[in-house]
Amino acid sequence: MTSTPITAISLLLLLFLSTTVSSVPISGLDTFLTHQSRVDPHSNNDSFLSLPSSLKSSLSISLPQISSVISSLVSLSLPISLHVRLVGPTTTFPSSSPSILHSYLSAAHSASRFHVIYPSSTFRESSHFLSVSHSPHFDISISPSLSSRLSQTLDSLLASTPSSLRSQLLSIPFSSIDEIIKQDFEKEKSINGIFIYLISLGSKGKKYAYSYTPGDSSPGFTKCLGSIWTGKERYVWIDLGAGPVDYGPGLSGDGVLPRGEFHPLAALHGRPKSQKALLADLSSLVLSAYQVLVVPSLRIPVYFENTLIVQFIHVYGAESIPDPGGLDWKSIERTFMDEVNDNGLLVGDQSLIFKTYKVNFADCSVCSFAISKSINSYTSRFLFDNYTLIVSEYLDSKKLHQIMSESAEELRRVAGIPEEDFGRVLPVYVFDLDYNSLLMLDRFHQSVAFRDMVIAVRTKNTQTVSDYSCNGRHVFTYTRELDRSLVGSILQSMWGVSPTHLLWSPMHNSTLVDYTWSVGQTPFGPFSEISSLSFVQKDAARRNVLLTSLNYSITSAIDVLESLAAHGGDRKLLKRNRHVEFVQRWNLFKYKLDKAVSALSHMDFEMALFYLRSSDHDLYNMHSLVYHASQELEASLVCFKDPPVPWASISMSAVVFLVLCYVYTKREKLFRNKRKQF
């Protein structure tokens, strides 16, 4: 791997930012807090009470103006390291490529805030923005040794793979390429950040793309081939020479990958491009990967809870129990618990519990009522011998959610579900209906995620043709297979993880749909068959909890400052002892926030959680100090003596007025001689 001057500069810049993201260093404070994280990792105790007097005196730095303090809070930013590796011959990536690509990326992106697709009412003005921002820092280099190994492996695979009768693209298993890239990643794993491998191995004479599961396409089964892969570790690779592939809505809709050269994934296909034009397309691809995979939008804000409980509630018909295929609760549970056991998904002392309950549809009058009230119909026009109108039914998920929410007590009673005293509870309702016809949620979905529950439905119908296509073939939906759909819905509701095809856009002020990254290892979208989680979902699940907590701490601290300003400032409101403690608490609170942001930027989620939970003690005590001080304020009325009457000015005004009156009455006599002259 060859380095460039721009790489060294980037690493130095990132190191500088990571060390200056904290407040002004206070001698001994960092050592004290590091010791506290070992002694009290869950931050159950208030660290301020254990501070030595020398450190407390170091924290007694007077506050600047409140407006500048608020500005410093809302300007917190996470620097995120992004390592881009250009893998290909020098004809594609000459030595100047890293510097040119770096200049394009730096010019195209600046710091921006984390976004929320569906904000909660507790967020200020239901804003789609969090109070903390992020900024990428790029390290770009060329990997010639990796290029030769990949090229030899790919040539061998292309020579041994027979042509397909149903596709122009040869189906190459992704695992052979991924194994080599993963080995290279393991060598650089100690470097903090996300690795993006852009692969261009030159013309191979055959068109190919990557398959992600065994087997081939058939008339009743469509396999979507792709050119990207996101690993369980923090790396993603993109083969620019694969394809071109296209997938998305079959007839109309947002998110389709256009055929030809108009999408960055197809940058090397079509007409030849100059080096700068190619690198411009690649910069667009890297930024898209950064926005969707590295800093994805939160679907909903997620607050920290020690205990997470998923309740599987299977509402079955008389004939559903003998055929449980496609609904394997143990498989869904294993998908999550494997990640938990591998130190993913959860932070701190969180625990994840799965419970299963079964309800006979005939014994649940509320369930029957909810389904019957939620059934709607729509009309489609098909061309047979002539145009024919066909009426189909579907379930309105919002109506079903409303009824289920209003009847939650009755549902718990019928299913025998005990009341949970602690933790966050997510009920997952699966309606296994004895309907022969197709019945889906909102016409297209097998399951829908809400803030407080997940709803899924299936009937005896086994498959249908979806409204999506992949490489010119329609995608089939196997309506009785719910495992993968439920994994994605649970991720959305429990951890606020956004699907890989959804992104909040502040420029459009709406949610954008883009299926570019919806193939390969993702539990979202119709183009993948894999239920396992990549680093994208695992990091997002933990980061979302911490970002929500950080956002709450910032907004709550701003409330304290605004309350101080409303009462005349900290010096007027707080007496001497309270003022000293408040200043010390505030400086310690701000120091912990800066350390939490620094830990987040290094993907150290456990340390970030420690600093955030530790700062909660300081935040609570600052609220208490301001509250008690405001309660002790007494209103007083100070009477002033009336000022003396200004006789001199009154007398002078009277004299001037009398003179003017005299001149006015004698004006004929005074000005008569003047008129005679004319």
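Is Cys470 buried or exposed? Cys470 is buried, with a relative accessible area of 1%. That residue turns up in the first of the close-ups below, which are drawn from a predicted model.

**View 1. Cys224 and Cys470 joined by a disulfide.** Here the two sulfur atoms sit 2.4 Å apart. Cys224 comes from the loop between β6 (208-211) and β7 (228-230), while Cys470 belongs to strand β17 (residues 464-470), so the bond ties together parts that are 246 residues apart in sequence. Cys470 is buried at 1% relative accessible area, and Cys224 is buried too, with a value of 8%.

**View 2. Cys364 bonded to Cys367.** The structure holds two disulfides, and this one has an S to S distance of 2.1 Å. The torsion about its S-S bond is about 65°, so the disulfide is right-handed. Cys364 is buried, with a relative accessible area of 1%, and Cys367 is buried with a value of 1% as well. Number the bonded cysteines in sequence order and the pairing reads 1-4, 2-3.

**View 3. The largest cavity, with Cys224 in its lining.** We're back at one of the bonded cysteines from View 1. The cavity has a volume of about 70 Å³, and the structure holds eight cavities of 30 Å³ or more. Along with Cys224, the lining includes Tyr212, Thr213 and Lys223. Gly520, Phe527, Ser528, Glu529 and Ile530 also line this space.

**View 4. The second largest pocket, about 660 Å³ of space.** There are 33 residues in the lining, and Leu287, Gln291, Leu503, Met507 and Leu512 lie nearest the centre. The elements giving two or more residues to this lining are β2 (112-115), α8 (275-294), β19 (502-505) and β20 (510-513). Of these, α8 gives the most, with six residues.

**View 5. Arg585 and Asp46 meeting in a salt bridge.** The structure holds 21 salt bridges; in this one, the N to O distance is 2.8 Å. Arg585 lies in helix α16 (residues 576-601) and Asp46 in the loop between α2 (29-39) and α3 (53-58), so the contact ties together parts that are 539 residues apart in sequence. Both side chains belong to buried residues: Arg585 is buried, and so is Asp46.

**View 6. Arg585 with two further acidic partners, Glu581 and Asp618.** Start with Glu581, whose side chain meets Arg585 in a salt bridge of 3.7 Å, N to O. Both residues lie in helix α16, four residues apart, or about one turn of the helix. Glu581 counts as partly exposed, at 26% relative accessibility, whereas Arg585 counts as buried, at 1%.

Now for Asp618: its closest approach to Arg585 is 3.0 Å between N and O atoms. This pair links distant parts of the chain, with Asp618 in helix α17 (residues 605-631) and Arg585 in helix α16, 33 residues apart. Asp618 counts as buried, at 0% relative accessibility. Zoom out a little and salt bridges that share partners join Asp46, Glu581, Arg585, Lys592 and Asp618 into one network.

**View 7. A nonpolar patch on the surface, made of Val655, Val659, Tyr662 and Val663.** Together these four residues have about 360 Å² of accessible area. Val659 is found in helix α18 (residues 647-665). With a relative accessible area of 46%, Val659 is partly exposed. Cys661 is partly exposed too, with a value of 33%.

Methods: Residues are numbered from 1 along each chain as its sequence is written. This is a predicted model: local features need pLDDT of at least 70, side-chain atom pairs count only at pLDDT 80 or more; totals for chains, interfaces and linings use all residues. Side-chain values use heavy atoms; hydrogens and water are left out. Patches are made of residues with over 30% relative accessible area and no salt bridge: like charges are joined within 9 Å, nonpolar side chains (Val, Leu, Ile, Met, Phe, Trp, Tyr) within 5 Å. Accessible areas come from the Shrake-Rupley method with a 1.4 Å probe; for residues, only the protein chains shown count as cover. Buried means under 20% relative accessible area, exposed over 50%, partly exposed in between (1.4 Å probe, protein chains only). A disulfide is a pair of cysteine sulfur atoms within 2.5 Å. On a 1 Å grid over the protein atoms alone, a cavity is a set of points where a 1.4 Å probe fits but cannot get out, and a pocket is an open set with protein on both sides within 12 Å along at least five of seven lines; lining residues have an atom within 4 Å of a point. Grid points are joined across faces, edges and corners, and a volume is the space filled by probe spheres set on the points.
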